[in-house]
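Have a look at the sequence and the 3D model, and keep the viewer open while you read. The tour below starts inside the protein and works its way out to the sheets and loops.

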Amino acid sequence: MADNKTKKLKSSANDDIVKVAAIQMASSPSVSANLVESKRLIEMAAKAGAKLVVLPEYFCIMGLKDFDKVTIREKPNTGPIQQFLSKTAKAYKIWIVAGTVPLESNYANKVRNSCLVYNDKGEQVARYDKIHLFGMDMGTEHYHEENTIEPGDTVVTVDTPFGRIGLSICYDLRFPELFRAMGDVDMIVVPSAFTETTGKAHWETLVRARAVENLCYVVASAQGGYHLSGRETHGNSMIVDPWGVVLDRLPRGSGIVIANVNRNYIKNLRESLPALKHKTIKAI
């Protein structure tokens, strides 16, 4: 009996540890080519033992022009990109956080930049539409996401076998009030396409800050390299633990980063440093 009890306790402890992966890409204007590359990297992560895989923002298209994503937008729950995600999650028996997929908006010339979550049965279980839209005019770089994206207005978390996950996208990373509004989460995902200019200055600082202040893991998957449009993205995909330690990172190019998420570690840290209970100002 004692041996069986010991085995049961060990099994329970192991259930609190799960391997997660962030995928990094340098996506092209070709949706079909990007899906092939996505599948290759998802398979690599699944074979390495990942149960949750996070794709970067715009994994399915980095167009020659901003408007290119509007031309491939899909209706919710239908279309080749969403079918690919559903089939792939089911085939590898993993959860997929699909960076962003361009979905129909209320405007013919815009999309919703949507982060979709699929469970290991291939079912879509959550959707988050990017709230904060990137805008920058610096030297020769000009970005105005509001021209082609309709912003979302809802904070989204999703309960999974691996804990509660907060969904965010790229530029959201600069707005800590969004993450406070999520409540207590075990993990935050940040699929991104940070520019090289802003990324080299702020990316790691922001990712680690969100982990530390929320005492949770952050899985930050990024675009990383040169794109046919002439844009350069920063890469440096990483997984950061609740103490701000970078567990794995990939500076540039296509590939994966992978690490264990340990919910017992989160629990112990929050008991030792109950900062989340010391909050006195509510997020607005």
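## The largest cavity

The largest cavity in this predicted model has a volume of about 80 Å³. The structure holds three cavities of 30 Å³ or more. If you want to select the lining of the largest one, pick Glu-57, Lys-130, Phe-134, Glu-145, Cys-170, Tyr-171, Arg-174, Ala-193, Phe-194, Thr-195, Thr-198 and Arg-231. As for how such a void shows up at all, rolling a probe the size of a water molecule over the atoms shows where empty space is left.

One of those lining residues, Cys-170, deserves a second click. Cys-170 sits in the loop that links strand S9 (163-167) to helix H5 (176-180). Its phi is near 45°, a positive value in a residue other than glycine. Is Cys-170 buried or exposed? Cys-170 has a relative accessible area of 7%, so it counts as buried.

## The sheet that starts at S8

Next up is an open sheet of six strands with mixed pairing, running in the order S8-S9-S10-S11-S14-S15. Strand S8 (157-160) and strand S15 (246-250) are the edges, each pairing on one side only. From one strand to the next, the twist averages 20°.

Helix H6 (residues 196-214) packs on this sheet and touches S10, S11, strand S14 (237-240) and S15. The direction of H6 makes about 20° with that of S14. Two of the strands under H6, strand S10 (residues 187-189) and strand S11 (residues 217-220), pair in the parallel sense over three bridges. To find the register, put Ile-188 opposite Val-218 in S11.

## The sheet that starts at S5

There is another open sheet of six strands, in the order S5-S4-S3-S2-S1-S16, and its pairing is mixed. The edge strands here are strand S5 (124-129) and strand S16 (255-262), and each pairs on one side only. The twist in this sheet averages 30° from one strand to the next. A bit of background for anyone colouring by strand: strands of a sheet pair through backbone hydrogen bonds, either parallel or antiparallel.

Strand S4 (residues 111-118) and S5 take the antiparallel option, over five bridges. Ser-114 has Asp-129 of S5 as its bridge partner, while Leu-116 stands opposite Arg-127 in S5. The hairpin of S4 and S5 has five residues between the strands, and Gly-122 takes a positive phi near 85° there.

## Helix H4 and what follows it

Helix H4 (residues 80-92) lies across strand S3 (95-104), S4 and S5. H4 runs at about 170° to S3. In the loop between H4 and S3 you will find Lys-93, whose phi is positive at about 55° although Lys-93 is not a glycine. Lys-93 has a relative accessible area of 60%, which is over the 50% cut-off, so this residue is exposed.

## Two serines in loops

Ser-105 belongs to the loop between S3 and S4. Which backbone nitrogen does the side chain of Ser-105 reach? It is that of Tyr-107, at 3.0 Å. Ser-105 is buried, because its relative accessible area of 14% falls under the 20% cut-off. Leaving aside neighbours within four places in sequence, Ser-105 is in contact with Arg-73, Lys-110, Val-111, Arg-112 and Glu-150.

Ser-28 is in the loop between strand S1 (17-24) and helix H2 (31-47). Its side chain reaches the backbone nitrogen of Ser-30 at 3.1 Å. Relative accessibility for Ser-28 is 18%, so Ser-28 counts as buried. Not counting residues up to four places away in sequence, Ser-28 touches Ala-33, Asn-34, Ile-61 and Met-62.

Methods. Residues numbered from 1 in each chain as written. Predicted model: local features only at pLDDT ≥ 70, side-chain atom pairs only at ≥ 80, totals over all residues. Heavy atoms only, no water. Pairing = 2+ DSSP bridges. Helix = DSSP H or I, 4+ residues; strand = E, 2+ residues; numbered from the N terminus. Axes fitted to C-alpha atoms, helices over the stretch in contact; angles between N-to-C directions. Contact = heavy atoms within 4.5 Å. Buried < 20%, exposed > 50% of the residue type's maximum accessible area, 1.4 Å probe, protein only. Polar contact = N/O pair within 3.5 Å; in protein donor to acceptor, adjacent residues only side chain to side chain. 1 Å grid on protein atoms, 1.4 Å probe; cavity = no way out; pocket = protein on both sides within 12 Å on 5 of 7 lines; lining within 4 Å. Points joined across faces, edges and corners; volume = space filled by probe spheres on them.
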